[in-house]
Amino acid sequence: MLILKNKSVFRKHTERVLLLTGCVFLAACSSKTDTVTTAEATVASSAPVVFDNPIIRYDTADPTNEKGEIIYTADPAAMVLGDTVYLYTTHDEQFIDGEGYRMYDYRLWTSSDMQNWENKGTVLSYSDFDWARGDAKTGNAYAHHVIHRKDESGKSKYYFYATVEGGQANDEFGFAIGVGVSDSPEGPFTDPRGMPMILLEDTAEYKDHTWRNIDPAVFVDDDGKAYLYWGNQQLWWVELEPDLVHLKDERYTLDANGNMQNRDMSEVNIHAVETLPNFEEAPYVSKHNGLYYLVYAAGFPESIAYATSTSATGPWDYQGVIMPPIENTTTIHPAMFDFKGNTYLAYHSAQLPGGGNYRRSVCIDRVYFNEDGTIKDIVRTSMPSTKESK
Ligand code: FUB
């Protein structure tokens, strides 16, 4: 019953997307001014409203050109610095007839116009964490988030929060969240802890599946306080220490190499959020016009839903679904961010030739708000492309 409902929602949405894509594309092509009229919005801007989705296609210096190997990317996380968007993705390497994820490294793509993307290559691999087990068949480098902050001396530091398998007590199988720090957005990132930030034991009282601690997202609020959100089938959050690599009130000692040991979580407050309908995974927190937004993957196959709050710590008011499931992929993984005065939503589809659940492709579309701060349904766009017919 649920599947039938999703299928019909999907069909309805696809028809609408195709229609609106056509309208937007024709308007964009025919307009010589900066004003583009769509069926849903009038936009006065030189910023793009239509995207050559999926925006990442080839593993070449210019990933939108046609030379080179197709690359499958997923789980976008955006960091905006000045006039550059740093788009960090996971990397799907499963064979066309393979089952399950094969994910070993994280890729970086940069753009100053949201249309042309420069391939910066691998910036982190699961094996950069000494404690990550991975294995030749899977790698298990799941979703991540990267943020920038200046340290006390004014020097820029970049923090890469990643989900990888390993690092658990008694060598138990299970996903953990780790962090790497760098002086450059392109890495190399070094693990300052020598152990994960979030372990299975930290959330064992709530859930028992081994992939519950995935999909980290960090938000630094205006007052400097930082929060880590994560989870699968349950959303958790915890405040971070000002160093952004320890949980607030986490206690430990250091071994001779400066690695953490004797980790004591008794004073750490991990919060479970119970009020988000159908929360599946991929939380992403951002602030727009004074309101906090939490977008996330809801249900399975996943839609993109969101909630709003007047605080980074909630309570969250559920606002509904803004993108229904996408054909050919059960996952969707949203990231919402501002760039040059406009708001964008990155997510993944499975639209490239040979695409599927384990061979996904990162896309971007515009976000438009209603006057009350709610988000209009996202219109997925694409451009007619000779690449797809080849
Ligand atoms: O890419 C591996 C996992 O699939 C991510 O961690 C989830 O968000 C889902 O996209």
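This section describes the aromatic pairs, the ligand site, the asparagine residues and the backbone exceptions of the structure. The model is predicted, and local features are restricted to residues with pLDDT of at least 70.

The aromatic side chains form 18 pairs in the structure. One of them joins Phe 219 and Tyr 292, whose rings are arranged edge-to-face, with 5.8 Å from centre to centre and 80 degrees between the planes. Since Phe 219 belongs to strand β10 (residues 217-220) and Tyr 292 to strand β17 (residues 291-298), this pair ties together parts that are 73 residues apart in sequence. Both partners fall below the 20% cut-off under which a residue counts as buried: Phe 219 has a relative accessibility of 9% and is therefore buried, and Tyr 292, at 6%, is buried as well. A second pair, between Phe 279 and Tyr 296, has ring centres 5.4 Å apart and planes at 40 degrees, so the arrangement is tilted. Here the link runs between strand β16 (residues 279-288), which holds Phe 279, and strand β17, which holds Tyr 296, so that parts 17 residues apart in sequence are tied together. Phe 279 and Tyr 296 are both buried. Beyond these two pairs, ring pairs also connect Tyr 101, Tyr 142, Phe 173, Phe 175 and Tyr 358 into a cluster.

Two members of that cluster, Tyr 101 and Tyr 142, recur among the residues around the ligand. The surroundings of the ligand further comprise Asp 75, Met 103, Ala 143, Ile 214, Asp 215, Glu 281, Thr 331, His 333, His 348 and Arg 360. For several of these residues a polar approach to the ligand can be given. A polar side-chain atom of Asp 75 is placed 2.5 Å from an oxygen atom of the ligand, and a polar side-chain atom of His 333 is placed 2.8 Å from an oxygen atom of the ligand, while for Tyr 101 a side-chain N or O atom and a ligand oxygen atom are separated by 3.2 Å. Taken alone, the ligand exposes 280 Å², of which the protein buries 98%. The space that the ligand takes up is the second largest pocket.

Three asparagine residues in loops were examined for their burial and their surroundings. Asn 53, in the loop between β2 (42-44) and β3 (72-81), is buried, with a relative accessible area of 2%. The side chain of Asn 53 reaches the backbone oxygen of Thr 381 at 3.0 Å. In sequence, Asn 53 is 295 residues from His 348, yet their C-alpha atoms are 9.6 Å apart in space; His 348 is itself one of the residues around the ligand. Asn 213 occupies the loop between β9 (175-182) and β10 and is buried at 0% relative accessibility. Two contacts are found for the side chain of Asn 213, one to the backbone oxygen of Leu 199 at 3.0 Å and another, a polar contact of 3.0 Å, to the side chain of Thr 203. Asn 140, in the loop between β6 (118-125) and β7 (141-150), is likewise buried, with a relative accessibility of 7%. Asn 140 and Phe 175 are 35 residues apart in sequence, and the distance between their C-alpha atoms is 8.4 Å; Phe 175 also takes part in the aromatic cluster.

The backbone shows cis peptide bonds before two proline residues. The bond from Asn 53 to Pro 54 is cis, with omega near -5 degrees, and Pro 54 sits in the loop between β2 and β3, where Asn 53 is also located. A further cis peptide bond joins Phe 300 and Pro 301, with omega of about 5 degrees, and Pro 301 lies in the loop between β17 and β18 (303-309).

Positive phi values were also found for residues other than glycine. Asn 262 has a phi of about 50 degrees and is placed in strand β14 (residues 260-264), where its relative accessible area of 57% makes it exposed. Asn 289 likewise has a positive phi of about 50 degrees, but is located in the loop between β16 and β17; with a relative accessibility of 78%, Asn 289 counts as exposed. The two strands that flank this loop are those that carry Phe 279 and Tyr 296 of the tilted pair.

Key: Residues numbered from 1 in each chain as written. Heavy atoms only, no water. Phe/Tyr/Trp six-rings, centres within 6.5 Å; stacked < 30°, edge-to-face > 60°. Helix = DSSP H or I, 4+ residues; strand = E, 2+ residues; numbered from the N terminus. Buried < 20%, exposed > 50% of the residue type's maximum accessible area, 1.4 Å probe, protein only. Near = heavy atom within 4 Å. Polar contact = N/O pair within 3.5 Å; in protein donor to acceptor, adjacent residues only side chain to side chain. Areas by Shrake-Rupley, 256 points an atom, 1.4 Å probe, with all protein chains shown as cover. 1 Å grid on protein atoms, 1.4 Å probe; cavity = no way out; pocket = protein on both sides within 12 Å on 5 of 7 lines; lining within 4 Å. Sits in = over half its atoms within 2 Å of the grid points.
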